[in-house]
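Dear colleague,

I am passing on the structure we spoke of, and below it you will find my notes on what turned up when I went through it. Please read them with the model open beside you.

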Amino acid sequence: MKPFSAKGSPMYLTSKPQAALFDMDGLMLDTESIGIECWTAAAASLGTDMPRALIIGMIGMHSGKTDIYLQEHLGRHAPIAELRAACHTLYMERTQEPIAHRPGLTDILDWLEAHHIPKAVCTSTRRSIAEHHLRAAGIWPRFEFAICGDEVTHPKPAPEIYQKAAAAFHLPPESCIVLEDSDFGVQAAHQAGCKIIMIPDLRPPSRHSLALNIPILGSLTEARDLLAQAV
């Protein structure tokens with residue numbers, strides 16, 4: 001996908017954020033391409049047609065919502081449970097080894113630490129998997145805490161996960177910067193009242209995300225540079 005250039009109001013970030021809240025999949029770790037490969041292979045093994053666009057539509061979606069999404073698109077007789085189980089098995093096999101960082105991750109983590117800005121992970125992935133990925137990638141110790149998909153009642157695009165993270169830092173949401181790659185995550189952060197920087201991975205931003213007039217950038221390095229302008 002062609003990298004995005006900076007969009008949004010140049011005055012969007014007018015002060016130093018008090019905390020940074022990071023999504024995980026597709027934002028920090030290069031998991032989305034792995035997920036697409038696993039869904040494709042699972043569908044092929046079951047003789048089911050799953051176009052790439054259908055799979056990309058699940059990016060950022062909580063696992064609890066994928067069954068309804070797939071049933072709507074594949075029909076009520078599609079082997080949804082079998083698809084999900086086969087994909088999960090393949091994904092767990094593929095992600096036993098450390099997953100590659102997305103470009104610029106070390107840059108922005110170093111910058112935030114140099115400026116004493118605390119960080120947390122806010123991911124739709126359940127804790128057992130998220131913690132494994134973050135530990136294997138060597139970045140788990142760099143975050144104060146994580147809130148995971150199995151620890152919220154209302155997952156993204158609901159604002160709960162970001163509201164909880166801001167509260168855990170004892171900060172108002174508007175003083176937190178959220179870094180997200182998906183439309184679901186952007187919607188959650190916007191409803192929570194946080195500032196947002198979007199760095200899309202495989203799925204371009206929706207018209208809804210574009211209409212928010214937030215910065216939409218090509219890498220976490222660009223996000224670091226934008227944050228530096230607000231300090």
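I begin with a single residue: Asp67 counts as partly exposed, at a relative accessibility of 28%. Please keep in mind throughout that this is a predicted model.

Asp67 forms a salt bridge with Arg84, and the closest N and O atoms of the two are 2.9 Å apart. Because Asp67 lies in helix H3 and Arg84 in helix H4, this pair ties together parts that are 17 residues apart in sequence. Arg84 is also partly exposed, with a relative accessible area of 34%.

How many salt bridges are there in the count? The count comes to 13, and a few of them deserve a description of their own.

Asp23 and Lys156 meet through their side chains in a salt bridge, with a distance of 3.0 Å from N to O. This pair links distant parts of the chain, since Asp23 sits in the loop between strand E1 (19–22) and H1, while Lys156 sits in the loop between strand E3 (145–147) and helix H7 (160–168), 133 residues apart. Are the two partners buried or exposed? Asp23 is buried, with a relative accessible area of 7%, and Lys156 is buried as well, with a relative accessible area of 2%; the cut-off that places them there is a relative accessible area under 20%.

A salt bridge within one helix joins the side chains of Glu131 and Arg127, at 3.5 Å from N to O. Both residues belong to helix H6 (residues 127–136), and because they are four residues apart there, about one helical turn separates them. Glu131 is partly exposed, with a relative accessible area of 21%, and Arg127 is partly exposed too, with a relative accessible area of 24%. Finally on this subject, Asp110, Glu113, Lys119 and Arg142 are linked in a network of salt bridges.

Next, the empty space. The largest pocket holds about 810 Å³ and is lined by 30 residues, of which Asp25, Trp39, Met61, Ser63 and Thr125 lie nearest its centre. Which helices supply at least two residues each of this lining? Helix H1 (32–45), helix H3 (63–74) and helix H4 (80–94) each do so. By character, the residues of the lining divide into nine nonpolar, 12 polar and nine charged.

Apart from the pocket, a search of the whole structure finds one cavity of 30 Å³ or more. The volume of the largest cavity is about 50 Å³, and its lining is made up of Gly26, Leu27, Arg102, Pro103, Ile199, Gly218, Ser219 and Leu220. These lining residues divide into four nonpolar, three polar and one charged.

As for the protein as a whole, its secondary structure comes to 10 helices and five strands, and its C-alpha trace spans about 55 × 35 × 35 Å along the principal axes. A compact globule of 231 residues would have a radius of gyration near 17 Å, and the protein agrees with that, having 17 Å. Buried residues make up 50% of the 231 residues. Of the contacts with a separation of 6 or more, 68% are accounted for by residues 24 or more positions apart.

With best wishes

Key: Residues numbered from 1 in each chain as written. Predicted model: local features only at pLDDT ≥ 70, side-chain atom pairs only at ≥ 80, totals over all residues. Heavy atoms only, no water. 1 Å grid on protein atoms, 1.4 Å probe; cavity = no way out; pocket = protein on both sides within 12 Å on 5 of 7 lines; lining within 4 Å. Points joined across faces, edges and corners; volume = space filled by probe spheres on them. Nonpolar A, V, L, I, M, F, W, Y, C, P; charged D, E, K, R; others polar. Salt bridge = Lys/Arg side-chain N within 4 Å of Asp/Glu carboxyl O. Buried < 20%, exposed > 50% of the residue type's maximum accessible area, 1.4 Å probe, protein only. Rg over C-alpha atoms; globule rule 2.2 N^0.38 Å. Contact = heavy atoms within 4.5 Å.
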